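Subject: Handing over a structure

Dear colleague,

I am passing on to you the structure shown below, and I would be glad if you could keep it open beside this message while you read. After it I describe what was found.

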Amino acid sequence: MTDHGETTRKGGEIRNFGTQTYKVVGTRPIRHDGTDKVTGRAVYGGDIRLPGMLYGQILRSPHAHARIQRIDTSRAEALPGVHAVVTAADLPDTTGGRIDLGEGHADTKYMRDNILAGDKVLYRGHAVAGVAAVSLHVAEEALALIDVDYELLEPVIDVETAMKDSAPLLHEGLTTTELNEDTGRKSNIAMHIRHEMGDVQQAFAGAAHVAEAEIRTATVHQGYIEPQNGTASWSEDGQLTIWTSTQGSFTAQKQLATILDIPVSKVRVIPQEIGGGFGGKIPVYVEPVAALLSRKTAHPVKIIMTRADVFESTGPTPGSYVRVKMATDASGKLVASEAHIALEAGAFPGAEIGAAAMCVFSCYDIPHAVVDGYDVVVNKPKSAPYRAPGATQVTWPVEKVMDDLARQLGKDPVAFRLDNAAAEGTRRVDGIVYPRIGGRECLEVARDSDHYQSELSGPYRGRGMAIGYWFNIGLKSAVTASVNADGTVHLVEGSTDIGGTRTSVAMQFAETLGLDAADIYPSVGDTSAIGYTDVTGGSRVTYATGWAAYEAAEDVKRQMIERAAILWESSADQVEYSDGVFKTRDGSKSADFKQLAQKLEDTGGPVVGRATVHPDTGVGGSFAVNIVDVEVDPDTGKVDILRFTVIQDAGKAIHPSYVEGQMQGGSVQGIGWALNEEYAYTEEGRMANSTFLDYRMPTSLDLPMIETIIVEVPNPGHPYGVRGVGEASIAPPPAAVAAAVENATGTQLNVLPLRPDRIINAMEDSIPAAAG
Amino acid sequence: MSKIHVQCTINGEPTEFLCEARQSLLEVLREELGFTGTKEGCNDGNCGACSVTVDGVLVDSCLILAAEVQDKTVGTVEGLASAEGLHPLQQKFLEHASLQCGICTPGFLVASKALLDANPNPSQHEIRHWLAGNLCRCTGYDKIVRAVLDAAGTAE
């Protein structure tokens, strides 16, 4: 059993590689929205209640693959209390196209088909019809009265089968796009991409050591605790208002406008507090159905998914099949690598294959490399981003091969990785040349850590380590800042706050103006109250929205200097501001921020700072390293995590506690992915474990404390050196845990999750070899 | 469907409500009485987001019917703080950054209070065992466990 005796091993460490020290940035204030969230006051999407509100429910396909022959809603419509039923026939019929979702793209026809199935259902859980009724229970009863005739079709639920020529096709019209050209060939393979550099064949031919791995990973879910929800009110003047828990109110607005074929100006999205997302709350699901029902009934309509709906019809992360081969010269320098990555997109194209191809060899300097990536549709829910989407699936195979090569070379795994670590100037296979990055520093800190230096002994115990990467994104953010008469500032940002970013953004604003974090009152604006802001995803909020806050603070500073000049009958160029005090250059007049704020009415009225940013260069990627000790029960195959350390490059940690929180949360999701979590399917393609009881996410009892070491290698592309930290931490845990289990048991494993039965089987298989 | 008249005490206040026989305590708390601090995560007793106490016993409010709380006392997250301020557990959750999205937080607070009422000095293992019925997907539990240890005064 996991030892919970020792509670305070080393943790909370920060290792600085050249970042500055600041007054607010780097401190740990209590989050601004904290009190509302510990008292139950915070309003989440599901908490919305409007006058006359109806409750919606969605009928979902019981089949993985079928043609809809007929839908008869008349019995449901006749049930007392039912106000309306909608089907795909209520959706506008427009031609396809693509829209940008910030983290990924979507084809509009596919988006619409995913909201309510057209002629076919493509996965169990696929929405078929929506009902609005006076109560949840009446709506539920009405679902049973909707008659749907299905012609069953053969499902295909794994990527390897789906890629075969003989596989049943999901979409009649889908043809493979091969290296950017439409082949016209009907297939479940939506896309094949390739990155290549150097002469891979020749490099392998001349290599001294070669290793390969072939890995399969299961479909897993983001597992946020709050189910998807949406409340719609479509008023008689054509204005649609949506209250929802979303990672991007503007992205939701764009999707709703596209799906419903109305102008974006007709859609107002009011983002509520959001109970976790991890990428899964970028797509809309129930909101358009609630909107259609609201239009049809002239009432507000609220829909909340059940947990089974969440599992069976919202984006899981792709299951995968990945082959990796790598080689070194005699000295242990990597010379060549190749990867074949096939990801399950789910029912519609759009697995994060591009991201997977970017991340696969991202930790290393390899002169000759080729990556082939395949985006493949299967009869599962359409996949959605999940924390560093695509990176986790490719990190284990690479790290397994790296461990194999280290063994062949007789080198320590960390030392071998350090010998080959990517650094500033390294060219990645997808063409990116790295700016300053912190991968090497993370490995050095791991090597020198108390954990790595400690002894691990005992039967069936083993240690593993791994490194993973996520590139992070920049995208667009807007911030406005209104100076109050008491010298505080109301800050409005467009980024929905999933994990404390109001505070990390406000802290950067406060730092720039020399104010305290508590002087800033941050809030998240709706789509009518703030400029366009991209999704909370790609680890971008503290980076990009924080940068917008920095610029907005500079704007406030400039305006306040002008006010001081008016007050003192001076000119702006004669006023300076530092450490929270405005003063004339001759030193004759001075006022602190609060004093000057009181004079705004006399000097021209309110001061409102504003900024929009769109950083497309300078986004700093982040590396995460894990060290993990496990013990395997030889009788049951159960794995206990004895000790776990995560080391991650944060650039500059704005609020170290929330950086640690990201590192710990991502690590534990990765541990769940490694050990427990998977979609179990029946032969008919039905998910067999769509409850939290059977889809087994880690509980507090399964885990030790998660030790953290923040590595600060400043990002030169940000005013405070920030790198996004939200995602990289999920990439290495399966690799590190698998290595530890292999070391503990003397086995080789190649399928996630590392279920007890798989471990026992591998141990039994390895007995003759061990004996011999 | 005729409704059932229920009298109970919620967070110290005598309360009465009408409910259908099929309505869970969670549904009535949230949809009829406005106690939306109690969250719904799964509606089948596996996530703990809807944790409340009934006569001091920690329960998932989605697993009992509203009609069952006749003459009983119900405690929700809204009852933790008082005019004097936050409950020590609430304060420690804030200081330790024990919440990210916050959806599981009410359930963890109610469950943690029930733990400390039953066992004022729990070990880390006892805390992890007690809280294993509450799922958190954001934090990895580390900072939650530290907050409870700190609130209990048993932090090592």
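**The two domains of chain B**

In this predicted model, the C-alpha centres of domain 1 of chain B and domain 2 of chain B are 21 Å apart. To find these two parts in the sequence, please look at residues 4-79 of chain B for domain 1 and at residues 88-152 of chain B for domain 2, as the domain assignment gives them.

Where the two domains meet, twelve residues of domain 1 of chain B are in contact with twelve residues of domain 2 of chain B, and the area buried between these domains comes to about 890 Å², with carbon and sulfur atoms giving 67% of that area. Across this interface the count of salt bridges is zero, while three residue pairs, both residues at pLDDT 80 or more, are found in polar contact. On the side of domain 1 of chain B that touches domain 2 of chain B, strand E3 (residues 51-54) of chain B gives the most, with three residues, and by class that side is made up of five nonpolar residues, six polar residues and one charged residue.

**Where chain A meets chain B**

Turning to the two chains, you will find 63 residues of chain A in contact with 52 residues of chain B, and the area buried between chain A and chain B is about 4800 Å², of which 56% comes from carbon and sulfur atoms. Val38(A), Ile225(A) and Met705(A) supply 15% of the area that chain A buries against chain B, which is more than any other three residues supply.

How many salt bridges does the rule find across the interface of chain A and chain B? There are seven of them, and one pairs the side chain of Glu31(B) with that of Arg49(A), at 3.4 Å from N to O. Between the same two chains, 27 residue pairs are counted in polar contact, with both residues at pLDDT 80 or more.

On the side of chain A that touches chain B, the elements giving two or more residues are helix H1 (34-39), helix H4 (136-143) and helix H18 (656-675) of chain A, and the largest share, nine residues, comes from H18(A). Sorted by class, this side of chain A holds 26 nonpolar, 26 polar and eleven charged residues.

With best wishes

Methods
Residues are numbered from 1 along each chain as its sequence is written. Chains are lettered from A and ligands numbered from 1 in the order in which they are written. This is a predicted model: local features need pLDDT of at least 70, side-chain atom pairs count only at pLDDT 80 or more; totals for chains, interfaces and linings use all residues. Side-chain values use heavy atoms; hydrogens and water are left out. Contact means heavy atoms within 4.5 Å. Buried area is the accessible area (1.4 Å probe) that two parts lose on being put together, summed over both. A salt bridge is a side-chain nitrogen of Lys or Arg within 4 Å of a carboxyl oxygen of Asp or Glu. A polar contact is a pair of N or O atoms within 3.5 Å; within protein, one must be able to donate a hydrogen and the other to accept it, and residues adjacent in sequence count only if both atoms are side-chain atoms. Helices (H or I, at least four residues) and strands (E, at least two) are DSSP runs, numbered from the N terminus. Ala, Val, Leu, Ile, Met, Phe, Trp, Tyr, Cys and Pro count as nonpolar, Asp, Glu, Lys and Arg as charged, and the others, Gly among them, as polar. Domain bounds come from an automatic or database domain assignment.
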